[in-house]
Amino acid sequence: MTQTHTLDAALAASRSVFEDQIAFGIAAGYKGTPDGRKQFGRVHREIVELKKEHHRRSIVIPRNHGKSTLESVVGTAHELVCDPGDRILLASAERGLAKQL
């Protein structure tokens, strides 16, 4: 692999991290829970794609499927890295989840 090819690959990877919320989460070190749960999969990709088309949306999937991780943790960090001027307010009805976020 030439140095130019390596640089091109690195630039492409960094672009995808800024354009792709899931790639950003993985690059930031998110791997799911130690027992293998809450890893990003097809349903998370569908959520991200729907979010691009419909900014105002409601996500209804069962508990413990990584909604808060995808949207509140990774999504918020991704938004702030892509647009540092944004201001985001997070709220949760559950105290335990609010502390985690």
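Leaving aside neighbours within four places in sequence, which residues is Thr 69 in contact with? Keep that question in mind as you open the viewer; this tour of a predicted model will come back to it.

**Stop 1: the whole chain**

Start with everything selected and coloured by secondary structure. You should find five helices and zero strands, so the pattern along the sequence reads α-α-α-α-α. The protein chain has 101 residues, and 19% of them count as buried. Now switch on the surface. About 7600 Å² of the protein chain is accessible, and carbon and sulfur atoms account for 56% of that area. Contacts tell you how the chain comes together: among those between residues at least 6 apart in sequence, 49% join residues at least 24 apart.

**Stop 2: Arg 45 and Asp 20**

Salt bridges come next, and the count for this model is four. Select Arg 45 and Asp 20 and show their side chains. These two form a salt bridge, with the closest N and O atoms 3.1 Å apart. The pair links distant parts of the chain, 25 residues apart: Arg 45 sits in helix H3 (residues 42-53), while Asp 20 is in the loop between helix H1 (3-19) and helix H2 (21-27).

Are the two partners buried or exposed? Arg 45 is partly exposed, with a relative accessible area of 31%. Asp 20 counts as buried because its relative accessibility is 18%, and the cut-off for buried is under 20%.

**Stop 3: along helix H3**

Stay on helix H3 and select Glu 46 together with Arg 42. Here is another salt bridge, whose closest N and O atoms are 2.7 Å apart. Both residues lie in helix H3, four residues apart, which is about one turn of the helix. Glu 46 is partly exposed at 38% relative accessible area, whereas Arg 42 counts as exposed at 64%.

Now move along to Lys 52 and Glu 49. This pair also forms a salt bridge, and the closest N and O atoms are 3.5 Å apart. Lys 52 and Glu 49 are about one helical turn from each other because they are three residues apart in helix H3. Lys 52 is exposed, with 54% relative accessible area; Glu 49 counts as partly exposed, at 33%.

**Stop 4: the loop after H3**

Follow the chain into the loop between H3 and H4 and stop at Asn 64. What is unusual to look for in its backbone is the phi angle: Asn 64 has a positive phi of about 65 degrees although it is not a glycine. At 47% relative accessibility, Asn 64 counts as partly exposed.

**Stop 5: the largest pocket**

How much space lies in the largest pocket? The volume is about 880 Å³. To find the pocket, select Lys 67, Ser 68, Thr 69, Glu 71 and Ser 72, the residues nearest its centre among the 32 that line it. The elements giving two or more residues to this lining are H3, H4 and helix H5 (95-100). H4 gives the most, with ten residues.

Zoom in on Glu 71, which belongs to helix H4. Glu 71 is buried, at 17% relative accessible area. Show what surrounds Glu 71: not counting residues up to four places away in sequence, it touches Gln 21, Ile 47, Lys 51, Arg 57, Ile 59 and Thr 76.

Next, select Thr 69, also found in helix H4. With a relative accessible area of 16%, Thr 69 is buried. Here the opening question gets its reply: leaving aside neighbours within four places in sequence, Thr 69 is in contact with Tyr 30, Val 74 and Gly 75.

**Stop 6: a nonpolar patch**

For the last stop, return to the surface view and select Leu 80, Ile 88 and Leu 90. Together they form a nonpolar patch on the surface, with about 220 Å² of accessible area. Leu 80 is found in helix H4, which covers residues 67-82. Leu 80 is partly exposed, with a relative accessible area of 34%. That value lets Leu 80 take part, because residues in a patch need over 30% relative accessible area.

Methods: Residues numbered from 1 in each chain as written. Predicted model: local features only at pLDDT ≥ 70, side-chain atom pairs only at ≥ 80, totals over all residues. Heavy atoms only, no water. Patch = residues over 30% accessible without salt bridge, like charges linked within 9 Å, V, L, I, M, F, W, Y side chains within 5 Å. Areas by Shrake-Rupley, 256 points an atom, 1.4 Å probe, with all protein chains shown as cover. Buried < 20%, exposed > 50% of the residue type's maximum accessible area, 1.4 Å probe, protein only. Contact = heavy atoms within 4.5 Å. 1 Å grid on protein atoms, 1.4 Å probe; cavity = no way out; pocket = protein on both sides within 12 Å on 5 of 7 lines; lining within 4 Å. Points joined across faces, edges and corners; volume = space filled by probe spheres on them.
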